[in-house]
Amino acid sequence: MFLRDKSIAYFLIIANLILAIACTNNTKQVHQNSFCTFDVPVVDTLLISSDYGNFKQISNNTATTDFVILQEDDNTMFADINQVIDAFGKYFIIDTYGSRTVVSFDHNGKPLASYGKHGNAPDEYIYPWDVDVSVEYIYILDVSQRKLLRYNHIGDYIDSKKIPFESRGFILLNNNKILFNLEPLEDTNNYQLCITDSTLKPLKYMLCYPDKYVGGWVTNDVFLRNNNGISYYNSPADTIYRLDYDGNLVGKRLLSFANGTIDESAKLDFVGAEQQGKLTNGMHLLNNPFELPNGICVMEVTDYSNKGAYVVTLNPGKKLHRAEKFADHMSIYDVIVPCALSRNNQVISYLDRELAEKCYDFDMMPDSLVKALDEGNRLLVIHNIH
């Protein structure tokens with residue numbers, strides 16, 4: 001949807017960032033502390049289709065849908081949403097490109113705090129690319145200035161540290177360790193992942209990118225928490241990796257697309273393949289799937305063979321799936337992008353007036369929600385899927 005379109009618009013930005021990457025001494029000094037093999041046990045295979053599927057069986061599992069009006073004030077205004085994090089009784093909204101800010105609301109939509117602002121000062125950032133939250137602090141990754149900033153929950157700046165490599169995603173691990181996703185390097189040790197200590201000193205590098213990998217596609221939420229630990233996915237690829245909270249690779253989930261995968265060259269250099277007209281068939285995920293405790297997975301998919309973007313919901317254990325194509329006549333209850341997974345395993349999506357007006361049942365929304373949208377508020381849509 002709008003997030004997918006913006007990701008396409010920012011391919012060239014990412015390509016420029018990738019071109020600016022240089023090898024660092026830290027990368028070259030970790031041969032003895034590296035794990036560079038794809039010999040990780042296969043957990044299962046997800047069969048992904050854009051066909052309509054067993055809609056009724058899965059839709060009947062949706063118990064309720066709730067709405068939260070985000071009541072912005074002068075301190076918590078944002079332009080758009082790139083990520084949502086539900087943690088410690090708060091919704092954290094990350095706006096990477098628009099207002100370039102990170103703000104929080106309570107579960108009733110009441111504004112709480114903002115964390116830093118756009119700028120070059122030690123307590124400021126250029127692009128708040130990724131965020132994670134602990135019981136004490138909010139951590140913000142600034143890809144432009146290559147630093148990790150830290151704030152307390154009421155928004156006070158604590159400190160910032162330079163990151164010794166290029167990264168566009170991270171997640172907090174046990175024992176004050178941090179797992180980072182690395183940008184590709186023109187180096188023989190072209191690792192995807194790095195574990196650091198709390199001072200950001202590299203401790204271990206893992207997984208190698210394929211030869212000649214450039215990248216080019218933006219994947220939000222390259223790391224996600226779920227009941228099975230941490231899932232790592234960097235689109236477009238045909239594998240989702242699982243890690244535990246100590247950062248150990250414990251398994252991988254393979255992806256099998258009904259219409260085949262995209263051209264192999266696009267998995268190495270997405271922008272180049274697009275410019276050369278090679279994106280004409282096949283499928284790939286747009287995001288890291290959200291996995292519920294009952295095994296149901298929710299994901300975004302692009303299908304070039306059956307042109308369009310789809311929200312796909314799978315229940316692999318029961319061999320059920322449904323696919324909803326983005327269109328001007330969707331239901332507001334099917335708009336689940338961008339999405340996040342709450343601490344209670346609810347799927348969270350985002351709705352503004354422009355998006356709501358494209359839904360066929362917009363006029364059937366409660367008056368209070370329509371009024372909120374008319375006044376410029378945005379809504380979080382909370383899907384309870386059982």
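Which helix holds both Glu357 and Arg353, and how many residues apart are they? The first legend answers this; every view is taken from a predicted model.

**View 1. Salt bridge within helix α7.** Glu357 and Arg353 both belong to helix α7, residues 353-357. They are four residues apart, about one turn of the helix. Their side chains meet in a salt bridge, with an N to O distance of 2.8 Å. Glu357 is partly exposed, at a relative accessible area of 46%. Arg353 also counts as partly exposed, with 27% relative accessibility.

**View 2. A salt-bridge network that includes Arg253.** Asp44, Arg242, Arg253 and Glu291 are joined into one network by salt bridges that share partners. Within the network, Arg253 forms a salt bridge with Asp44, and the closest N and O atoms of this pair are 2.8 Å apart. Arg253 lies in strand β19 and Asp44 in strand β2, so the bridge ties together parts that are 209 residues apart in sequence. Arg253 is buried, its relative accessible area being 7%. Asp44, in contrast, counts as partly exposed at 24% relative accessibility. The salt bridges of the model number 15 by the rule applied here.

**View 3. The five-stranded open sheet.** Five strands form an open sheet in the order β2-β19-β18-β17-β16, and their pairing is mixed. The edges are taken by β2 (42-48) and β16 (223-226). Each of these edge strands has a single partner strand, so one side of each is left without a neighbour in the sheet. On average, neighbouring strands of this sheet are turned by 25 degrees against each other, direction ignored. Strands of a sheet pair through backbone hydrogen bonds, in either a parallel or an antiparallel sense.

**View 4. Parallel pairing of β2 with β19.** Six bridges connect β2 and strand β19 (residues 249-257), which pair in the parallel sense. Val42 stands opposite Lys252 in β19. Leu47 is set opposite Ser256 in β19. The salt bridge between Arg253 and Asp44 also spans these two strands, since Arg253 lies in β19 and Asp44 in β2.

**View 5. The hairpin of β18 and β19.** β18 and β19 run antiparallel and are joined by five bridges. Leu243 stands opposite Leu249 in β19. The two strands form a hairpin with five residues between them. In the turn, Gly247 has a positive phi of about 90 degrees.

**View 6. Salt bridge from helix α5 to the loop between β17 and β18.** The side chains of Lys267 and Asp238 meet in a salt bridge, at 2.6 Å from N to O. This pair links distant parts of the chain. Lys267 lies in helix α5 (residues 264-268), and Asp238 in the loop between β17 (229-232) and β18 (239-243), 29 residues apart. Which of the two partners is buried and which is partly exposed? Lys267 is buried, with a relative accessible area of 12%. Asp238 counts as partly exposed, at 23% relative accessibility.

**View 7. The four-stranded antiparallel sheet.** An open sheet of four strands has the order β8-β9-β10-β11, and its pairing is antiparallel. β8 (128-133) and β11 (157-162) stand at the edges. Each has a single partner strand, so one side of each is left without a neighbour in the sheet. Neighbouring strands here are turned by 20 degrees against each other on average, direction ignored. Strand β10 (residues 147-152) pairs with β11 in the antiparallel sense over five bridges. Lys147 is placed opposite Lys162 in β11.

**View 8. Aromatic rings and charged ends.** The count of aromatic pairs comes to 13 by the rule applied here. Ring pairs link Tyr97, Tyr127 and Trp129 into a cluster. Elsewhere, arginine side chains are placed over rings, among them Arg150 and Arg378. The charged end of Arg150 sits over the ring of Tyr137, at 4.3 Å from its centre. For Arg378, the charged end sits over the ring of Phe78, and the distance to the ring centre is 4.2 Å.

Technical notes
Residues numbered from 1 in each chain as written. Predicted model: local features only at pLDDT ≥ 70, side-chain atom pairs only at ≥ 80, totals over all residues. Heavy atoms only, no water. Pairing = 2+ DSSP bridges. Axes fitted to C-alpha atoms, helices over the stretch in contact; angles between N-to-C directions. Salt bridge = Lys/Arg side-chain N within 4 Å of Asp/Glu carboxyl O. Buried < 20%, exposed > 50% of the residue type's maximum accessible area, 1.4 Å probe, protein only. Phe/Tyr/Trp six-rings, centres within 6.5 Å; stacked < 30°, edge-to-face > 60°. Lys NZ or Arg CZ within 6 Å of the ring centre and 35° of its normal.
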